[in-house]
Amino acid sequence: MNLPNKLTVLRVILIPFFLLFVLLFKIPHHMVFALIVFAAASITDWFDGKIARKHNLVTTFGKFLDPLADKLLVMTALICFTFERWIDPVAVVLILAREFMVTGLRLVVASEGVVVAAGIWGKLKTAFTMVALIAIMVLQIINDTPKGSPNYTWGTPIFLVNEILIWIAVVLTVISGAVYLKGYWKYIDSGK
């Protein structure tokens, strides 16, 4: 259990705390706490990969858990934000569909002994999505009222900003999914 793997495990441990602060602990400034937890978890993603590559600490455990931890963190935020009606559920369905498609693709090519490495589009998608989710939380904190969460509708500027951010994430998600599918299609269409 090296340092990068410990950071990845920490990211997984932080996810339930994020969930609690967003949905259950409606205490004063609960979204500030949720933002801090999400930002800390996102930062561990950057650090664990950087440390693992720099010090040659890449492990099979890390290759398995790191992308899983990323997906769990992002999916938890997307589902929570949809529940709170901060973002469009159609966007969330498209993002989740891509994640399941790439996970399935990884399983198929793994049976051929091939590892699907994260490409530039996948990294860009992950980075932008995390930044977008943080921005949505910051907007929620700024716009929070003492009576609780405002009712976001298409007529409110904050909902439109949330939608622009999440739909940019969807475009990057679809592009990265298409790139992975094109690059590894030969393993799916092998006729076996």
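This talk covers the salt bridges, one nonpolar surface patch and one helix pair in the structure above. The model is predicted.

I'll start with the charged side chains. There are 7 salt bridges in the structure. I will go through three of them, beginning with arginine 11.

Arginine 11 pairs with aspartate 45, and the closest N and O atoms are 3.6 Å apart. In terms of helices, arginine 11 sits in α1, residues 3–24, and aspartate 45 sits in α2, residues 30–54, so this bridge ties together parts that are 34 residues apart in sequence.

Arginine 11 also meets aspartate 66 in a salt bridge, at 2.5 Å, N to O. Aspartate 66 belongs to helix α3, residues 60–83, and arginine 11 to α1, so here the parts tied together are 55 residues apart in sequence.

Are these side chains buried or exposed? Taking arginine 11 and aspartate 45, the cut-off for buried is under 20% relative accessible area. Arginine 11 has a relative accessible area of 0%, so arginine 11 is buried. Aspartate 45 comes out at 16%, so aspartate 45 counts as buried too.

The third bridge is between arginine 98 and glutamate 99, at 3.1 Å, N to O. Both arginine 98 and glutamate 99 are buried. As for how bridges connect, those that share partners link Arg11, Asp45, Asp48, Asp66 and Asp70 into one network.

Next, the surface. Which residues make the nonpolar surface patch? They are Ile120, Trp121, Leu124, Val171, Ile175 and Val179, and the patch has an area of about 520 Å². The elements giving two or more residues to the patch are α5, 120–143, and α6, 157–188.

Take valine 171 as an example. Valine 171 is in helix α6. Its relative accessible area is 48%, and partly exposed covers the range between 20% and 50%, so valine 171 is partly exposed.

Last, the helix pair. Two packed helices are described by the angle between their axes and the distance between the axes. For α3 and α5, the angle is about 35° and the axes are 11 Å apart. The crossing of α3 past α5 is left-handed. On the α3 side, the contact is made by Asp70, Leu73, Val74, Ala77, Leu78 and Phe81. On the α5 side, the residues are Thr129, Met130, Leu133, Ile136 and Met137.

One residue links two parts of this talk: Asp70 belongs to the salt-bridge network, and Asp70 is also among the α3 residues in contact with α5.

That is the end of the talk.

Conventions: Residues numbered from 1 in each chain as written. Predicted model: local features only at pLDDT ≥ 70, side-chain atom pairs only at ≥ 80, totals over all residues. Heavy atoms only, no water. Salt bridge = Lys/Arg side-chain N within 4 Å of Asp/Glu carboxyl O. Helix = DSSP H or I, 4+ residues; strand = E, 2+ residues; numbered from the N terminus. Buried < 20%, exposed > 50% of the residue type's maximum accessible area, 1.4 Å probe, protein only. Patch = residues over 30% accessible without salt bridge, like charges linked within 9 Å, V, L, I, M, F, W, Y side chains within 5 Å. Areas by Shrake-Rupley, 256 points an atom, 1.4 Å probe, with all protein chains shown as cover. Axes fitted to C-alpha atoms, helices over the stretch in contact; angles between N-to-C directions. Left-handed = near helix turned anticlockwise from the far one by under 90°. Contact = heavy atoms within 4.5 Å.
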